[in-house]
Amino acid sequence: MMKTLSPPITTSRSQRLYQGFKAYRLDRVWLTIGLILLALAALDQPQLPATLAFVSKAALNTFGFLLLSVGLTAYAKASGVDNLISRAFSGPPLLAVVSAALMGAVSPFCSCGVIPIIVALLAMGVPLAPVMAFWLASPLMDPSMFIMTSATLGLEFAVAKTMIAVSIGLLGGWGAFMLTRQGWITDVLKDGVGNGGCAGSKIRTPKPVVWAFWKDSSRLSTALASFKTNALFLVKWLLLAFVLESLMVAYLPRDLIAQVAGGTGFMPVLLATLVGIPSYLNGYAALPLVSGLMGQGLSPGASMAFLVAGGVTSLPAAMAVWAVARARVFAAYLGFAFLGALASGVLFGLWKA
């Protein structure tokens, strides 16, 4: 019996186009920028050139700081400076809290990106106190963030936020030490949580720092790749922030922010902290927005509270912590973040009053 051969499978032009469309994933940030500009063109044409001019001016003003920021990040990545992180957790717990908080203030991790490092440390048996210090301080400040904060909000604001990052790390670290010593926290990680995956290798097997990384072709390639990746990352987020800031200036009544969160009292700071805790906004993008809000009447104390609260944690970061840590550790993490942001806003507001 002759076997019937099935016809060859062919792909139509429409199928190829559809597959190509699926393969090309348009970045949501660029898509959002494009949709906003299209909406302006359709609904408010006079505002479109005003927004483009606003964004261009803001981008030019921060271009030099952006290059310096990205360059520092690329150097840290290629030289292996980030491997020094493992040395911050040795020694007596109370002293380790200090070094971990200081290390956190210079390490380039966001509230979500720091989670694998934290899991690796805890799984290796590092005490919760220095880990909590690093956990809270790390997302708030690093050299790149310091440069961009100085460029956007001023040197005084950047220095104050750096001091706040270390202080919140100390608050959380020493607080976690007391909670552990009193027996309120015993087990830290949930059952079955791993050791941090590839992120844990920086802790388990730290490699030596190569300061003159450009002599190694592979490290030079790492630096160039890091520079490109971080430059594109920062550019898209800053452009989105500048676009949103221009809309805020154009459409938000100037006295609204002053009425809701203006002044130097306690309530504006509390409100900014409560809004900042769950907010999911890239720390670099938050800077121009906060600058614009301050121009609209947001008090310095409330501005600092919002930046700190949004930097330490966010809804995605909180979900990640909940997935790996036990309930009491999760409660301590949120509690220290809230208290630190609130206190920083109040104290900075008094300083600026």
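**Figure 1. Surroundings of Ser150 in helix 7.** In this predicted model, Ser150 touches Leu155 and Ala158, leaving out residues up to four places away in sequence. Ser150 is part of helix 7. The relative accessibility of Ser150 is 19%, and a residue counts as buried under 20%, so Ser150 counts as buried.

**Figure 2. Helix 7 and its two ends.** Helix 7 covers residues 143–153. Its buried residues are Ser144, Met145, Ile147, Met148, Thr149, Ser150 and Leu153. At the start of helix 7, a side-chain oxygen of Asp142 comes to within 2.9 Å of the backbone nitrogen of Ser144. After helix 7 comes Gly154, which has a positive phi, near 105°.

**Figure 3. Packing of helix 6 against helix 8.** Two packed helices are described by the angle between their axes and the distance between the axes. For helix 6 (residues 128–137) and helix 8 (residues 155–181), the angle is about 150° and the axes are 7 Å apart. Angles over 145 degrees count as roughly antiparallel, and helix 6 and helix 8 are therefore roughly antiparallel to each other. The crossing of helix 6 with helix 8 is right-handed. On the side of helix 6, the contact is made by Leu128, Ala129, Met132, Ala133, Leu136 and Ala137. On the side of helix 8, the contact is made by Ala165, Ile168, Gly169, Gly172, Gly173, Ala176, Phe177 and Thr180. Of the residues in this contact between helix 6 and helix 8, 10 are nonpolar, four are polar and none is charged.

**Figure 4. Ala137 and its contacts.** Ala137 belongs to helix 6. With a relative accessible area of 0%, Ala137 is buried. Apart from neighbours within four places in sequence, Ala137 is in contact with Ala101, Gly104, Ala105, Ala165 and Gly169. Both Ala165 and Gly169 are among the helix 8 residues that make the contact with helix 6. Ala137 and Met103 are 34 residues apart along the chain, and their C-alpha atoms are separated by 8.2 Å.

**Figure 5. Ser99 in helix 4.** Helix 4 spans residues 93–104 and includes Ser99. Ser99 has a relative accessibility of 27% and therefore counts as partly exposed. From Ser99 to Phe89 there are 10 residues in sequence, and the C-alpha to C-alpha distance is 7.1 Å.

**Figure 6. Packing of helix 12 against helix 14.** Helix 12 (residues 266–276) packs with helix 14 (residues 300–312) at an angle of about 20°, and their axes are 8 Å apart. Angles under 35 degrees count as roughly parallel, so helix 12 and helix 14 are roughly parallel to each other. Their crossing is right-handed. Helix 12 contributes Pro268, Val269, Ala272, Thr273, Val275 and Gly276 to the contact. Helix 14 contributes Gly301, Ala302, Ala305, Phe306, Ala309 and Gly310. The residues of this contact between helix 12 and helix 14 comprise eight nonpolar, four polar and no charged.

**Figure 7. Ser299 before helix 14.** Ser299 sits in the loop between helix 13 (283–295) and helix 14. At 6% relative accessibility, Ser299 counts as buried. A polar atom of the Ser299 side chain lies 3.2 Å from the backbone nitrogen of Ala302. Ala302 is one of the helix 14 residues in the contact with helix 12. Between the C-alpha atoms of Ser299 and Pro268 the separation is 7.7 Å, although these residues are 31 residues apart along the chain. Pro268 is one of the helix 12 residues in the contact with helix 14.

**Figure 8. Packing of helix 12 against helix 16.** Helix 16 covers residues 327–352, and its axis comes within 9 Å of the axis of helix 12. The two axes cross at roughly 145°, and the crossing of helix 12 and helix 16 is right-handed. From helix 12, Phe266, Val269, Leu270, Thr273 and Leu274 take part in the contact. They meet Phe338, Ala341, Leu342, Gly345 and Val346 of helix 16. The residues of the contact of helix 12 with helix 16 are eight nonpolar, two polar and no charged. Val269 and Thr273 of helix 12 also take part in the contact with helix 14.

**Figure 9. The chain as background to the close-ups.** The chain holds 16 helices and zero strands. It has 353 residues, of which 45% count as buried. Among contacts between residues at least 6 apart in sequence, 84% join residues at least 24 apart.

How values were computed. Residues are numbered from 1 along each chain as its sequence is written. This is a predicted model: local features need pLDDT of at least 70, side-chain atom pairs count only at pLDDT 80 or more; totals for chains, interfaces and linings use all residues. Side-chain values use heavy atoms; hydrogens and water are left out. Axes are lines fitted to C-alpha atoms, for helices over the stretch in contact, and angles run from 0 to 180 degrees between N-to-C directions. Helices (H or I, at least four residues) and strands (E, at least two) are DSSP runs, numbered from the N terminus. Angles under 35 degrees count as roughly parallel, over 145 as roughly antiparallel, 65 to 115 as roughly perpendicular and the rest as oblique. A crossing is left-handed if the near helix is turned anticlockwise from the far one by less than a right angle, and right-handed if clockwise. Contact means heavy atoms within 4.5 Å. Ala, Val, Leu, Ile, Met, Phe, Trp, Tyr, Cys and Pro count as nonpolar, Asp, Glu, Lys and Arg as charged, and the others, Gly among them, as polar. Buried means under 20% relative accessible area, exposed over 50%, partly exposed in between (1.4 Å probe, protein chains only). A polar contact is a pair of N or O atoms within 3.5 Å; within protein, one must be able to donate a hydrogen and the other to accept it, and residues adjacent in sequence count only if both atoms are side-chain atoms.
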